[in-house]
Structures are given as structure tokens and as C-alpha cells.
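Here are some short exercises on pockets and aromatic rings. Try each task with the structure open, then read the solution step by step.

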Amino acid sequence: MLLGGIHGDELTASAVVFKWLQQAQIPLARDFAWYVVPVLNPDGLLAAKPSRVNARGVDLNRNFPTPGWQEEAPRYWSKATASDPRRFPGKGPLSEPETRWLKAEIDRFKPNVIVSVHAPFGVLDFDGPAPVPERFGRLQFNRVGVYPGSLGNYSGLHRNIPVITIELPNAQAMPPAKEVDRIWVDMLTWITLNVHRPKEPATAPKAGTRVATGADKAANRN
Ligand SMILES: [Zn+2]
């Protein structure tokens with residue numbers, strides 16, 4: 001599962017996901033079944049001034065239902081961020097339509113690995129049950145942090161679905177095309193070597209690519 005733009009002001013994150021989507025049929029990638037969400041926070045991305053938070057002022061990457069959310073997320077917000085409005089976790093876990101939708105899609109699609117693209121810290125982070133990836137392209141592993149309500153915390157640590165967090169170095173300027181390709185190939189190689197894939201049941205859909213947006217209600221489920 002490949003996700004971009006959970007923070008609407010990280011424009012390159014969505015753009016890179018669209019670039020990789022165009023390369024989903026290269027040999028390293030085409031054996032996987034992809035579920036691609038290039039823009040998880042469309043209201044933030046399409047706002048007159050793109051915003052990190054969604055239309056209701058919530059940081060979607062603090063709104064996932066990690067254990068203890070009710071105590072930890074508001075406390076972390078007030079103490080560690082000085083109630084930064086860009087990091088408001090919401091009034092409760094899964095209070096937002098985007099996070100409810102993504103959780104339902106994770107439950108349904110059951111990804112073996114989730115890739116979430118951000119900017120601008122220029123590093124690679126990882127949560128979950130697999131060896132830590134050291135380097136994709138120029139991005140090197142460096143822990144960004146584990147936050148109450150974040151997707152990496154929720155999926156990687158509590159649901160045992162590995163989460164690769166790609167932090168591009170700039171939220172507005174794209175990396176060189178060669179670097180975009182290199183990150184993609186390095187990541188696919190790491191997934192191939194390190195992520196356990198259960199044997200496909202007889203009824204599994206064949207490998208392919210499906211694209212959704214935050215507004216998509218997954219109409220073509222089968
Ligand atoms: Zn971000």
C-alpha cells in the first residue's frame with residue numbers, strides 16, 4: 001500500500017507517488033498487488049494555501065487509534081507541541097473521515113507493507129516487524145519519532161504491518177528524476193528481500209494496481 005499526501009502541504013510527496021505509479025509495471029514492481037493513494041488529504045492539498053491538516057484542522061497522522069490515544073495524544077499535543085494547530089490530533093481517534101476510510105481500507109486490503117511519503121526531513125524511517133532499511137537512494141535511516149496517533153505507530157507497532165516512512169528533502173522542489181527512480185528501486189529491492197508475503201489463496205485477485213483518493217469510497221471492491 002503506497003500513500004502520499006497525508007499532510008497536504010507536502011506537495012512533492014503526492015507528486016512522487018504519481019511518478020512511482022507510472023513505474024508500477026517495471027520488473028521489480030509488477031509482481032506485487034499495489035493499492036495506491038496518492039492524495040490522502042485532498043482538502044489540505046487543494047486548499048488555496050496548502051495545509052498540513054485536513055479541512056477540519058486535524059493532523060491526520062496523529063488521528064490513528066494507537067492504544068492510550070485518549071490520554072496520550074491530547075497531552076502530547078499540549079505539552080510537546082505547545083498546542084501547535086498544525087499538529088492537532090483531533091477530538092478522538094479516527095474522528096476524521098480520511099483516517100476512518102484508510103483504516104477500513106487497511107482492514108480490507110490487508111497490506112504486507114505500507115509506504116507513506118512525506119517531506120521535508122530528507123530521511124527514511126521505519127516501524128514494524130522487519131529489518132530496518134538502511135538507505136534508499138540518498139535517504140538514510142534516521143528515526144523521525146514515534147507519536148501518539150501516527151500511522152507508523154498504529155500500523156507498524158500495533159498491527160505488525162511494516163511501515164516505511166519516506167521523508168523527501170523538500171516539500172516543494174522535486175528530487176532529481178534519477179533520485180526518484182533510485183529510491184523506488186532500492187525500496188522495491190528491500191521489500192522483495194525483507195517483507196514476508198503469505199502464499200496467495202486461490203481466490204486472490206491477480207497482481208495489479210488500484211488507485212484511490214481520500215474521497216474514493218472503494219466502489220469497485222470485489
Ligand atoms: Zn508529513
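**Exercise 1.** Over the ring of which residue does the charged end of Arg62 sit?

*Solution.* Keep in mind that you are looking at a predicted model. Start at Arg62 and follow the side chain to its charged end. You arrive over the ring of Tyr147, 4.1 Å from the centre of that ring.

**Exercise 2.** Describe the second largest pocket: its volume, its lining and the elements that contribute.

*Solution.*
- Step 1: begin with the volume, which is about 440 Å³.
- Step 2: look at the lining, which has 28 residues. Closest to the pocket centre are Asn61, Arg62, Val144, Tyr147 and Glu167. Here you meet Arg62 and Tyr147 from the first exercise again.
- Step 3: find the elements that give two or more residues to this lining. They are helices H3 (69–80) and H5 (151–158), together with strands S3 (114–118), S4 (123–127) and S7 (163–167). The most comes from S7, with three residues.
- Step 4: sort the lining by residue type. You get ten nonpolar, nine polar and nine charged residues.

**Exercise 3.** Is the pair of Tyr35 and Phe109 tilted or edge-to-face, and is each residue buried or partly exposed?

*Solution.*
- Step 1: recall that a pair of aromatic rings is described by the distance of the centres and the angle of the planes.
- Step 2: the ring centres of Tyr35 and Phe109 are 5.1 Å apart, with the planes at 50°. Tilted covers angles that are neither under 30 degrees nor over 60, so this pair is tilted.
- Step 3: place the partners in the chain. Tyr35 is in strand S2 (residues 34–37) and Phe109 in helix H4 (residues 97–109), 74 residues apart.
- Step 4: check the accessible area. Buried means under 20%, so Tyr35, at 1%, is buried. Phe109, with 26%, is partly exposed.

**Exercise 4.** What kind of pair do Phe126 and Trp190 form?

*Solution.*
- Step 1: the ring centres of Phe126 and Trp190 are 5.3 Å apart, and the planes are at 70°. Angles over 60 degrees count as edge-to-face, so that is the name for this pair.
- Step 2: Phe126 belongs to strand S4 and Trp190 to helix H6 (residues 177–194), so the pair links distant parts of the chain, 64 residues apart.
- Step 3: Phe126 has a relative accessibility of 1% and counts as buried. Trp190 is buried too, at 9%.

**Exercise 5.** How many aromatic pairs does a search of the whole structure find, and which residues form one aromatic cluster?

*Solution.* The search finds eight pairs. The cluster is formed by Trp20, Phe32, Trp34 and Trp184.

Definitions and conventions:
Residues numbered from 1 in each chain as written. Predicted model: local features only at pLDDT ≥ 70, side-chain atom pairs only at ≥ 80, totals over all residues. Heavy atoms only, no water. 1 Å grid on protein atoms, 1.4 Å probe; cavity = no way out; pocket = protein on both sides within 12 Å on 5 of 7 lines; lining within 4 Å. Points joined across faces, edges and corners; volume = space filled by probe spheres on them. Helix = DSSP H or I, 4+ residues; strand = E, 2+ residues; numbered from the N terminus. Nonpolar A, V, L, I, M, F, W, Y, C, P; charged D, E, K, R; others polar. Phe/Tyr/Trp six-rings, centres within 6.5 Å; stacked < 30°, edge-to-face > 60°. Buried < 20%, exposed > 50% of the residue type's maximum accessible area, 1.4 Å probe, protein only. Lys NZ or Arg CZ within 6 Å of the ring centre and 35° of its normal.
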